[in-house]
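Me: I've got a protein model here and I'd like to work through its hollows and its charged pairs. Can you take it step by step with me?

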Amino acid sequence: MRTKHETPILVTRSSLPPLEEYVEMLKPIWETAWLTNMGNYHEELKAQLKAYMKTPNLELFVNGHMALELTLQAMNLSGEVITTPFSFASTTHAIVRNGLTPVFCDINEEDYTLDVDQLESLITEKTCAIVPVHVYGNLCDVERIQEIADRHHLKVVYDAAHTFGEELNGKGVAEFGDASMFSFHATKVFHSIEGGAVAFRDEKLKDLLYQLKNFGITGYESVEYVGANGKMNEFQAAMGLCNLRHLDGEIAKRKVLAERYRERLGGIPGIRLCREQPGVRSNYAYMPVVFDGFSATRDQIFEKLKAFNIFARKYFYPCINSYACYRDQFRAEDTPVAQRIASQVLTLPLYADLPLEVVDEICDIILEQ
Ligand SMILES: *Cc1c(COP(=O)(O)O)cnc(C)c1O
């Protein structure tokens, strides 16, 4: 008989460096009493991340959401922004909080990123930008999106929260579009407790992003923009520096687990996994599984796992265009693929220290009817 786990198995568990390593990093902070406002660790982390992500222009933020919101502000946009309803709340909130109007494009059945075939039909004279999401670490069709954006003179800002460290044919994902936002939240593959960054193409954005995350202050006695407080502090940066040392090992551990899931669940009728994308170096952030015509529904599998104290997550359910705060303005039926996938998808537990036996157990529970 299978027994219930005593401590719950959650969908993710934050990676942590050895405690001594982090404590060692704190000493210089005590010596200098420099706790935030672009200190030494902030600058060091920025430099290391540029190298790791293979990108020349990068700014750090207190979290991914502020990075996205302030990047859109920096671009001084107005009008409509085409985006996906199949994402975390942050993506659309960043658009709306900038006074912009989201226009939801449906997703494709393959990798759940924007359905590029529909993209162009949503462009109007008011469209100013596209904010696609590399959801679950699946890369969008970056080439076609760029082609369409160029033809219509639109900005492209990727929500790349899930794609830290990923590469396409050796090129860092931060290189696509006008800008890409990365999240370093505790639940992400790489984290700085809370944190985020934006990589950007136009060097001129650098000063503006810096100012916008610091209240719009442009000089000792001048404030030129209605900025916010989006600064990453030294404790966050220190955690980021520690975690970066161990990151490749953590990703390698995730890979083993992800491959076991694929081995056990791939090819089962009624179960769909995302296809591995050719040329992509994955970070194995998530293990989304779509139950479509399987002997049990997504919700039944969710409950079944829960009975053993295993908590998969319904990422991303519900779709953003059916949130209470947006329901009056949008119809989820207008993006039927996103609506259906949201009702069928379950993201299974996946984190570096998840024991392989638990992956097997999760697969057993799913497969035994
Ligand atoms: C995590 C996440 C964000 C927001 O990142 P924070 O660092 O938590 O602010 C934005 N978009 C997506 C898709 C995310 O998963």
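**Hollows and charged pairs**

Reply: Sure, and keep in mind that this is a predicted model. Let's start inside: the largest cavity has a volume of about 50 Å³.

Me: How many cavities of 30 Å³ or more does the structure hold?

Reply: The largest cavity, at about 50 Å³, is over that limit. Counting cavities of 30 Å³ or more, the structure holds one.

Me: What classes of residue make up the lining of the largest cavity?

Reply: Among the residues that line the cavity are Tyr52, Met53, Phe164, Gly165, Glu166, Glu167 and Phe182. Tyr, Met and Phe count as nonpolar, Gly as polar and Glu as charged. Sorted like that, the lining has six nonpolar, three polar and two charged residues.

Me: On to the pockets. Which residues lie closest to the centre of the largest pocket?

Reply: About 500 Å³ of space lies in that pocket. Its lining has 33 residues, and the closest to the centre are Phe88, Ser183, Thr187, Lys188 and Tyr286.

Me: And which elements give two or more residues to the lining of the largest pocket?

Reply: The lining draws at least three residues from each of domain 1 (19-241) and domain 2 (246-367). The elements that give two or more residues are α3 (64-74), α4 (89-96), β8 (179-183) and β15 (345-348).

Me: Where does the second largest pocket lie?

Reply: This one has a volume of about 300 Å³. Of its 19 lining residues, the closest to the centre are Asn138, Arg262, Glu276, Ser282 and Tyr284. Both domains give residues to the lining, so the pocket lies between domain 1 (19-241) and domain 2 (246-367).

Me: Now the charges. How many salt bridges does the structure hold?

Reply: Side chains of opposite charge can pair when their charged atoms come close. To count here, a side-chain nitrogen of Lys or Arg has to be within 4 Å of a carboxyl oxygen of Asp or Glu. By that rule the structure holds 29.

Me: Glu43 and Lys46 form a salt bridge. Is Lys46 buried or exposed?

Reply: The closest N and O atoms of Glu43 and Lys46 are 3.9 Å apart. The two sit three residues apart in helix α2 (residues 40-53), so about one helical turn separates them. Glu43 is partly exposed at 36% relative accessibility. Buried means under 20%, so Lys46, at 8%, counts as buried.

Me: How many residues apart in sequence are the parts that Lys213 and Glu59 tie together?

Reply: Lys213 and Glu59 meet in a salt bridge of 3.0 Å, N to O, and both are buried. Lys213 is in the loop between α7 and β10, while Glu59 is in strand β1 (residues 58-61), so the parts they tie together are apart in sequence by 154 residues.

Me: Arg331 forms a salt bridge with Asp334. Is Asp334 buried or partly exposed?

Reply: The closest N and O atoms of this pair are 2.9 Å apart. Arg331 has a relative accessible area of 49%, so Arg331 is partly exposed. With 48% relative accessibility, Asp334 also counts as partly exposed.

Me: Which residues do salt bridges with shared partners join into one network?

Reply: Two pairs we've met belong here: Glu43 with Lys46, and Lys213 with Glu59. Through shared partners, the network joins Glu43, Lys46, Glu59 and Lys213.

Key
Residues numbered from 1 in each chain as written. Predicted model: local features only at pLDDT ≥ 70, side-chain atom pairs only at ≥ 80, totals over all residues. Heavy atoms only, no water. 1 Å grid on protein atoms, 1.4 Å probe; cavity = no way out; pocket = protein on both sides within 12 Å on 5 of 7 lines; lining within 4 Å. Points joined across faces, edges and corners; volume = space filled by probe spheres on them. Helix = DSSP H or I, 4+ residues; strand = E, 2+ residues; numbered from the N terminus. Domains from an automatic or database assignment. Buried < 20%, exposed > 50% of the residue type's maximum accessible area, 1.4 Å probe, protein only.
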